[in-house]
Amino acid sequence: MAEPVLEIRNLNVDYGLGDKAVHAVRDVNLTLHRGEVLGLAGESGSGKSTLAYGLTRLLAPPGVITGGEVVYHPSSAAAYDVLGLSDQQLRAWRWAETAIVFQGAMNSLNPVHKISTQLTDVLKAHDPKMSEHSRNARAREMLKLVGISADRMGAYPHQLSGGMRQRVMIGMALILQPQVVIMDEPTTALDVVMQRQILGQLIELRERLGFSVIFITHDLSLLVEFSNRIAIMYGGRIVEEAPAATIYRDALHPYSKGLLSSFPALRGPKRELAGIPGSPPDLAGMPTGCSFHPRCPKAFEPCSTAIPVLGRPDTPDGAGRSVACWLHPAEQPVSAV
Amino acid sequence: ACSDSPNANNANANKGGVDYLRIGMPNGTQTENHNPFAGTSSANALGYKWMLYEPLLMWNPVKPAEPAKPWLAKEVKWAADFKSADITVRDNATWSDGQKLTADDVAYTFTLLKSNEALNANAIPFGDITVSGSTVHVTFAAPQFVNQNKIMANTTIVPKHIWEKISDPATDVNKNPVGSGPYTLKSFTQAGVVLTLRDSGYWGTMPKVKELRYTSYADNSAQTTALANGEAEWSFVFIPNYQATFVSKDPQNHKIWAPGVLGIHGLYINTTVKPFDDPKLRQAMNMVINRADIFNQAEAGYFHPQINSVTGLPDGAGDAFIAPEYKDKKLTVDVAGAKALLQSAGYQLNGTTLTDPSGKPVKITLTDPAPWSDYQTSLEIIKTNLAEIGIAATVDKANQDKWDQNVQKGDFQATLRWTNGGATPYDIYQTVMDGDLMKPIGTASQQGNFGRFKSPEATAALKAYANATSDADRTTAMNQIQKVFVEQAPMLPVGSDNVGGAYSTKNWTGWPSDADPYAGMQPTQPYALDVVQHLKPANS
Amino acid sequence: MTSLQDAKAPANEVVLEAIGLTKHFPVRRRLRDLFSSSEKKAVHAVDDVHLTLRRGKVVALVGESGSGKSTVARLLAQLYPRTDGDIQLHGESTRVKGGSAFRGYAARVQMIFQDPFASLNPVHTIRYHLTRALQIHGHAGRTEADLEAALTDLLGRVSLTPPERYLDKFPHELSGGQRQRVAIARALGARPEALLADEPVSMLDVSIRLGVLNLLRDLKERLNLAILYITHDIASARYFADETMVMYAGRMVEGGDSETVTQTPAHPYTRLLIASAPDPDRLTGDLDPTEEDRGNGEPPSLIDPPSGCRFHPRCPAAMPRCSTDLPVPLTIGDAPGHWAACWLYDVPEGAGK
Amino acid sequence: MKYILQRLAFYLFTAWAAITLNFFIPRLVPGDPVQSLITKYQGQLSTKSIQSLYVLFGLDKDKSLWSQYIDYWKQLFHGDLGLSFTFFPAPVSQVIGQALPWTLLLVGITTVISFVLGTSLGVVAGWRRGSWADGLLPVTTFFSSVPYFWLGIIAIYLLAGPDSFFPSSGGFDSGLVPAWDQYFIPSAIQHSLLPALTILISSVSGWILSMRNMMVTVSSEDYITVAHAKGLPERRVAVAYAARNALLPNISGFALALGFIVGGTLLVEIVFSYPGLGYTLLQGLGAKDYPLMQGVFLVITISVLVANLLADIAYLLLDPRTRKEG
Amino acid sequence: MTIPTSSIEQVIPGQGSMAQPEEPRPGRSRRQRFLFVRNKKAATGLVILAGYTIVGVIGPWVAPYDPSARGNDLVQGPSAAHWFGTTHLGQDVFSQILVGTRSVMLVGFLAGAIATVLSVLIGVTAGYLGGKTDDSLSMLTNVVLVIPAVPLMIIITSVLNNASDMLVALVIGLTSWSWNARVLRAQTLSLRRRDFVEASRASGESTWRIIVFELMPNLTAVIASGFVGTVIFAVLSEITLAFIGVVSNSGWNWGTILFWAQGQQALGQDAWWWFVPAGLAIALLGTSLSLINFGIDEFVSPRLRSAGKTKLRTASGRTVRMRIGFTPVLENSPLPKTHAVVATPVMREAK
Ligand SMILES: Nc1ncnc2c1ncn2[C@@H]1O[C@H](COP(=O)(O)OP(=O)(O)OP(=O)(O)O)[C@@H](O)[C@H]1O
Ligand SMILES: Nc1ncnc2c1ncn2[C@@H]1O[C@H](COP(=O)(O)OP(=O)(O)OP(=O)(O)O)[C@@H](O)[C@H]1O
Ligand SMILES: [Mg+2]
Ligand SMILES: [Mg+2]
């Protein structure tokens with residue numbers, strides 16, 4: 001396995017403090033390796049975005065990181081904890097090392113500034129010595145990279161279509177050649193045709209430039225197709241993590257299975273769609289034990305009392321995957337790295 | 001660049017002592033208009049027309065019975081019937097453009113008024129105007145005894161050679177005023193008007209004040225503040241509690257002098273409204289009004305000097321005209337007397353309610369515009385006074401326009417209002433009692449007699465006074481008029497008008513005073529020039 | 001109404017039919033357009049759409065965003081006046097603008113909106129919404145008890161039991177799926193014959209979409225409803241609808257039996273759509289080169305739509321004719337009722353690929 | 001073309017309706033200019049002068065309201081606003097012309113300063129919530145609830161006085177003549193300080209508050225998070241991203257405030273005897289000076305309409321989204 | 001005079017980003033509506049307002065003196081007998097303030113109510129119906145907006161001789177609805193596009209029912225805020241009119257007190273007690289109403305609401321300051337923290 005580039009250890013994120021706090025992300029352990037696409041799936045409210053924002057410290061108030069660390073491994077220096085950086089260091093780290101592409105490109109681009117301004121101000125902030133000319137050249141180059149003609153540099157965001165805006169965002173994310181790109185539902189607002197084009201382009205760029213991607217979506221079938229490994233979140237926790245094909249073929253956690261059987265397939269024989277009964281949990285009043293147990297068809301006695309630990313399952317092909325389920329008690333908890 | 005600035009010499013002047021006088025009036029925004037005949041001109045509102053132009057005679061309203069001083073006229077001779085006058089014009093006066101002032105100019109000025117109704121503010125019925133040498137002979141369609149000072153001491157004489165070129169004298173703004181006075185116009189701005197002393201050619205005493213700076217303040221309170229701060233040195237404005245508001249700010253220099261003149265304020269009663277058509281009731285009301293309270297509380301102890309004579313004539317200015325029978329009759333608060341009078345007239349006082357002979361309770365509404373705070377305060381006092389004889393009064397704070405309309409149409413019960421003023425008490429009594437001015441209820445009576453007071457004797461006596469050809473006839477008529485006024489009480493006099501002003505002796509002294517009442521104290525009146533001529537620098 | 005009788009009406013009976021339905025929205029202009037040209041412009045949102053809804057059948061309408069799907073639904077619900085064409089209810093032409101005529105129409109054709117978060121008034125309880133739905137169409141009964149029974153029945157139909165747990169809640173106190181069920185219940189309150197469901201599940205969470213779709217299918221069968229199912233997810237159309245129509249830029253481009261359309265798509269746009277859908281079985285993210293989009297994935301402007309076939313600027317198989325002649329619906333041989341509006345299937349040119 | 005005409009028709013119709021109302025409303029008031037003049041001088045003007053005044057003002061001829069209205073429009077088309085009664089025979093245009101610059105300078109500049117200051121403080125308060133700027137809010141709110149005139153009078157009482165730097169009234173020193181020189185300008189500024197301060201204190205809170213709220217709203221927009229994620233310096237995020245966008249809704253408010261300059265601060269001008277238009281209007285009101293009232297109303301109407309137009313244009317310039325492509 | 005600067009119109013829901021769709025929408029349930037009172041600003045404002053209302057009701061009864069009665073202490077400073085001193089007629093200023101409260105409150109609220117009803121009728125109808133109705137109603141609104149309000153009030157009150165409080169309120173109400181109508185129209189336009197309005201139309205609701213039962217309840221916050229804003233405006237207008245002496249009722253209100261005080265040069269006589277209390281009473285009333293409006297603003301816009309809480313207290317008693325873009329990190333994680341090597345990040349050169 002390739003070396004890690006980003007290690008999330010026991011990350012905990014709350015909204016608010018005290019009794020009313022909502023624990024949106026709990027004890028998340030996740031490792032992103034160099035050059036891979038890590039998919040993060042889960043239904044709405046499971047904490048995917050919170051995790052993404054939390055590890056970059058971009059959560060809006062009242063979000064608070066209540067514990068854990070995010071260890072970043074630069075390509076040629078010692079690793080360090082992102083959560084321990086000063087404001088100044090954090091600002092330098094952001095975008096240069098880790099860039100983010102958000103769901104709505106319309107809202108991610110400042111409506112009153114030209115595309116060129118928004119592309120070059122990153123360069124200006126991170127390398128004040130760079131000449132204006134080379135900044136513009138670089139911006140043009142990035143636009144070409146994502147398939148937008150350079151003459152759109154002077155356009156305002158609203159003059160571009162949704163797909164173009166999303167491409168601009170991707171181009172902007174890559175402009176400093178970061179190690180990690182986090183993509184939070186980058187294509188959910190787009191049509192399938194456009195979605196495929198953009199993702200195809202991204203994968204191609206990744207192969208060329210060699211960055212790692214954390215790819216967040218609730219569309220599992222998309223993840224299976226595009227990512228190397230998939231982590232599935234439920235109720236603020238990672239419930240299962242494994243290579244994409246493994247999950248698709250043989251998900252261990254009942255929730256993962258449920259998710260997979262919620263998608264009607266376009267090709268092949270019509271499968272029976274089971275879906276997941278019940279409704280997503282309320283983070284403020286989380287069930288005891290495994291938070292999935294009220295909806296789980298296979299729940300049994302320990303599920304309602306004890307929280308299962310994420311770890312290597314006891315199945316024969318358990319290598320390289322982990323699950324948090326009493327059906328497959330962990331042999332080796334992930335947290336004990 | 002600064003040398004050709006219009007303000008440059010001003011700054012220099014400021015350095016060596018104060019050689020200017022700052023005069024203020026609370027008359028609001030002004031537009032440039034130096035037309036001395038236009039009532040709305042800035043020259044009139046701020047009064048500086050009297051520094052540019054001069055009258056034929058200088059009359060002192062504080063001593064109305066005294067003869068007026070010669071000014072541009074060496075002498076004015078009226079015919080016994082006061083239907084014509086001979087005016088001899090002084091021969092050493094020049095206009096500020098250097099031309100000589102002649103009898104022609106005087107004759108031209110009167111002709112101007114005669115032929116322009118809009119300029120003839122006092123509606124003087126001019127007849128023939130002829131010139132022979134330095135004498136002007138003027139005739140009138142009616143006797144002008146009561147108007148003599150309006151004609152001779154209140155008319156600005158303007159140069160013929162300038163004005164005959166003006167196409168419409170009523171609306172011309174007289175951009176470059178040329179007058180006979182000691183001052184000429186230096187500048188006009190919204191902030192005020194600056195007059196500067198003529199270099200030469202003035203016939204009379206040259207004033208010591210080099211520059212007069214007139215400022216128009218937005219309202220009384222702004223004017224008062226300016227006076228208190230020393231930003232204005234001379235003004236005519238009502239200053240409430242003047243001791244605290246004005247004098248105490250600089251007790252050494254801040255002074256007020258407010259002599260009364262022949263023009264009064266009083267409570268007009270609508271004599272067509274029952275039961276106020278009964279003179280007895282009006283007399284009783286007259287007996288309970290506490291004029292001292294009104295003077296001290298509403299008029300700040302100076303503004304409308306308290307009237308003491310039962311004739312309604314002010315102390316000082318009115319003294320010479322009071323009929324012998326009323327010489328020592330003073331207005332005093334006499335509640336018991338009033339009650340007795342009412343009882344005898346068939347009124348009944350049950351506890352706190354007075355009922356008229358028909359058994360109806362007596363109620364009255366006192367009305368005046370809301371913003372006139374001194375009147376309003378006076379009404380509040382009158383209200384409590386009337387309560388003592390059981391008359392329930394309510395004070396109605398009317399809207400000013402509505403009030404004016406109602407008063408003219410006779411749609412009111414009682415209101416505090418002023419009378420016209422003049423050189424004799426005639427104007428006062430005419431405004432109150434002249435049957436010729438009376439209009440039916442509902443028709444606006446613009447000239448006077450708002451209370452619809454019907455008295456043939458009074459009307460006849462007023463006419464006799466105006467047309468009399470001898471002083472004896474006048475005295476008889478005046479005594480007759482006063483008798484009606486006292487016995488019928490068509491209006492309850494309260495205070496007199498004043499020609500007072502507030503001033504500061506910080507920079508200039510020599511102001512008129514009780515000790516030396518050589519003129520009135522208002523900066524907008526003809527005698528203002530006389531006052532300025534009396535001023536001396538304080539530090540000399 | 002006579003919903004029970006209606007429920008026994010023969011399936012396949014035509015309830016609602018759109019014939020040549022067209023809607024152009026005039027472009028509203030603002031001050032900023034002062035200096036631009038002054039020609040009157042319109043958004044050609046829907047052009048010449050034919051559609052038939054039958055009892056007990058689900059018709060799916062698929063297409064990308066902005067292709068005019070919602071506009072078709074709103075036209076059918078008579079919420080917009082139409083520019084041209086006809087809507088026939090049981091074979092009778094109808095055009096209602098408001099008042100009781102509209103009410104009568106609404107009693108038979110009801111609409112379900114895409115966003116259950118937005119389609120319920122946040123200030124009213126579930127009880128209010130449902131009571132109004134019943135009252136408007138006179139199904140509330142005479143007494144309190146009648147009403148209560150009717151409400152219980154409604155909630156029961158959409159599997160929200162026990163009713164008292166939901167009746168007095170406010171919309172925000174329910175989950176998305178529950179809200180959409182309430183919205184469906186509200187539509188059912190009118191006891192309609194046709195339901196127009198505009199993307200009823202696309203705003204819902206993946207795990208609860210299926211529940212709502214299954215509910216609709218169930219209702220279709222039990223109440224013998226005619227359903228128009230609008231979606232951009234062609235895979236769900238395959239599972240849920242009997243018939244699928246594909247829309248592109250305001251025009252219908254293909255239609256037919258759902259299985260046929262999804263498995264053997266004829267129109268190049270449909271093929272592109274299906275090729276683009278995520279497919280876990282595919283190993284790489286690459287597209288089949290033959291299905292490559294010639295455009296940038298951008299739909300055309302509807303204010304000034306392309307001449308001829310609206311898809312021709314993006315079509316990999318475009319012919320000169322495509323840019324000039326408007327394609328007519330052509331029957332495809334492989335299954336009955338399958339048609340596509342594409343010149344590739346014009347007989348002299350040869351029967352497709 | 002049709003559209004331009006429509007838009008023009010809209011503005012013209014509004015102007016026509018407002019001007020017509022402006023014509024009729026003052027005439028509903030009882031009384032006439034002559035009577036007002038008589039009562040204004042309380043005895044200083046003899047009732048005998050009434051007739052001469054009627055003749056002077058040209059009020060002696062009876063004319064129907066309708067024919068007056070027609071004449072009014074005829075005059076307007078010749079750019080003639082008639083003669084003022086209060087300042088007879090000054091033309092209304094001259095009266096307005098001498099007052100308008102003062103109002104525009106005092107109230108206009110103050111409004112601009114208030115907007116700039118309030119907006120800047122609002123940016124700080126909205127961006128650094130919980131800092132000192134937040135403490136400013138209750139204080140400014142209190143002051144903004146105080147009537148202008150009360151604050152002005154208190155200011156005069158406390159700050160103006162004998163030998164005080166602040167004059168209590170007027171637009172400049174009475175000995176000066178308006179000119180662009182080193183005597184006049186400092187004097188004009190000195191005289192404008194107190195009234196300006198009064199307006200500033202009572203109007204700044206509104207701007208602070210609305211800007212703060214917009215900043216807070218904009219701060220949670222995605223593009224702000226993206227700007228942070230891009231590692232931009234905080235100043236740039238706050239100014240170029242947050243404030244720039246938060247400013248947009250305030251622009252229309254600002255334009256409207258500019259439109260209200262003339263009618264809005266009447267009493268400040270009165271309290272400070274400031275030679276501006278609001279004060280002139282009040283004098284016209286008191287004197288039944290229809291031509292003057294109409295003239296001032298016309299100025300107000302036009303300035304509000306122009307401000308609306310400006311708001312449209314400002315939006316056009318500041319928000320690229322409203323700009324046409326190409 | 002002043003433009004109501006409530007920010008309500010600037011936080012039109014749906015104008016901002018579409019983020020946080022799952023956030024419970026505010027103003028949504030009756031139960032939540034009470035939460036409004038929990039807002040500290042609104043609560044403070046409401047308490048002060050309640051105080052004024054009580055004084056407005058009982059003021060004339062508890063006033064120690066008849067406010068018009070003349071006394072012997074002229075222009076006396078505050079004392080035990082006269083808390084706020086006396087006027088030039090020896091009237092008790094404190095009693096005048098107490099008695100004057102009623103008129104101010106009455107006119108303020110009545111005018112607010114009239115203006116609100118008009119603005120709702122005109123604004124909501126124009127916004128919902130659109131088309132020709134909208135055009136003509138908007139035109140009317142614009143014309144009224146263009147005519148300067150205070151001079152207009154002065155003119156109208158001059159026509160109505162001796163206007164009573166009711167009439168004054170009517171005049172103020174009739175001249176000050178246009179701003180709110182504009183805001184409401186804009187709000188209605190944005191609401192009209194919301195699905196629930198369309199949905200109730202689709203289910204066959206009549207137009208007036210949609211306006212009254214679907215739209216208006218969603219506009220309550222805007223209407224309330226407009227109402228409060230108009231009340232402030234009305235109070236200031238009434239006081240201005242009384243101060244310049246055009247409103248001529250014989251009753252007392254704070255403007256009348258100021259009118260007398262100014263007419264008598266109270267401050268020039270150093271009689272500050274005569275002039276200051278009425279102004280402070282106005283300012284405090286205005287502040288309380290503004291506070292209520294802030295409360296409404298925050299209630300409507302959850303972003304503003306949460307913006308208030310910028311400092312949070314942790315269990316251990318530490319305060320954490322919330323900052324956008326830099327999420328606070330708490331160190332009291334329940335798990336022992338394994339410290340990684342922390343190095344200064346190295347900027348990689350852009351190639
Ligand atoms: N400001 C907030 N205050 C309180 N709770 C919040 C806040 N923001 C988010 N949450 C809660 O945190 C949980 C995680 O939210 P998050 O946005 O991370 O979910 P997600 O997996 O990204 O969902 P989606 O797929 O809808 O984007 C949700 O239950 C949400 O309700
Ligand atoms: N009221 C309207 N006025 C003007 N144009 C409109 C209006 N409603 C819709 N349109 C336009 O008509 C076209 C079709 O819109 P419609 O909402 O029907 O698309 P859709 O297929 O439902 O899209 P989506 O999948 O995003 O819901 C779009 O270009 C849209 O901008
Ligand atoms: Mg998310
Ligand atoms: Mg749609």
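The points below comment on a predicted model, beginning with chain A and moving on to the cores, the chain pairs and some backbone details.

1. Overall form of chain A. The secondary structure of chain A consists of ten helices and eleven strands. Its radius of gyration is 21 Å, and this agrees with the value near 20 Å that a compact globule of 337 residues would have. Measured out along the principal axes, its C-alpha trace spans about 65 × 50 × 40 Å.

2. Burial and surface of chain A. Of the 337 residues in this chain, 64% count as buried. The accessible surface of chain A is about 11,500 Å², and carbon and sulfur atoms account for 53% of that area.

3. Contacts and charges in chain A. When contacts between residues at least 6 apart in sequence are considered, 64% of them join residues that are at least 24 apart. Chain A carries 32 positive and 32 negative charges, and the mean positions of the two sets are 6 Å apart.

4. The largest nonpolar core. This core has 304 residues, and those with the most contacts inside it are B:Ile87, B:Leu212, B:Trp234, B:Leu366 and E:Trp254. The largest share of the core comes from helix H12 of chain E (residues 272-300), which supplies 13 residues. A second core, separate from this one, has 104 residues and includes A:Ile65, A:Ile198, C:Val206 and E:Phe326.

5. The surroundings of B:Ile87. This residue is among those with the most contacts inside the largest core, and it is worth inspecting which residues it touches once its neighbours within four places in sequence are left aside. Its partners then include B:Leu56, B:Ala73, B:Val76, B:Phe110, B:Val136, B:Val138 and B:Met152, and also B:Glu75, B:Ser134 and B:Thr135.

6. Pairs of chains. Eight pairs of chains are in contact, and of these the pair formed by chains B and D shares the most contacts. Chain A and chain B, by contrast, are joined by no contact, and their closest C-alpha atoms lie 46 Å apart. Chain B and chain C likewise have no contact between them, with 41 Å separating their closest C-alpha atoms.

7. Cis peptide bonds. Most peptide bonds are trans. In chain A, however, the bond from A:Pro61 to A:Pro62 is cis, with omega near 5 degrees, and A:Pro62 is placed in the loop between helix H1 (48-55) and strand E4 (63-72). In chain B, the bond from B:Lys274 to B:Pro275 is also cis, with omega near -5 degrees; here B:Pro275 belongs to the loop between strand E13 (260-269) and helix H9 (279-288).

8. Positive phi at B:Asn174. Most residues other than glycine have a negative phi. B:Asn174 departs from this, with a positive phi near 55 degrees, and it sits in the loop of chain B between helix H6 (160-163) and strand E8 (183-189). With a relative accessible area of 4%, B:Asn174 counts as buried, the cut-off for that being under 20%.

9. Positive phi at B:Ala489. A positive phi, about 45 degrees, is also found at B:Ala489, although this residue is not a glycine. B:Ala489 lies in the loop of chain B between helix H16 (471-488) and strand E19 (491-498), and its relative accessible area of 2% makes it a buried residue.

Definitions and conventions. Residues are numbered from 1 along each chain as its sequence is written. Chains are lettered from A and ligands numbered from 1 in the order in which they are written. This is a predicted model: local features need pLDDT of at least 70, side-chain atom pairs count only at pLDDT 80 or more; totals for chains, interfaces and linings use all residues. Side-chain values use heavy atoms; hydrogens and water are left out. Helices (H or I, at least four residues) and strands (E, at least two) are DSSP runs, numbered from the N terminus. The radius of gyration is taken over C-alpha atoms; the globule rule is 2.2 Å times the number of residues to the power 0.38. Buried means under 20% relative accessible area, exposed over 50%, partly exposed in between (1.4 Å probe, protein chains only). Contact means heavy atoms within 4.5 Å. Accessible areas come from the Shrake-Rupley method with a 1.4 Å probe; for residues, only the protein chains shown count as cover. Lys and Arg count as positive and Asp and Glu as negative; His and the chain ends are not counted. The place of a charge is taken as NZ of Lys, CZ of Arg, CG of Asp or CD of Glu. A nonpolar core is a set of buried Ala, Val, Leu, Ile, Met, Phe, Trp, Tyr and Cys residues joined through side-chain atoms within 4.5 Å.
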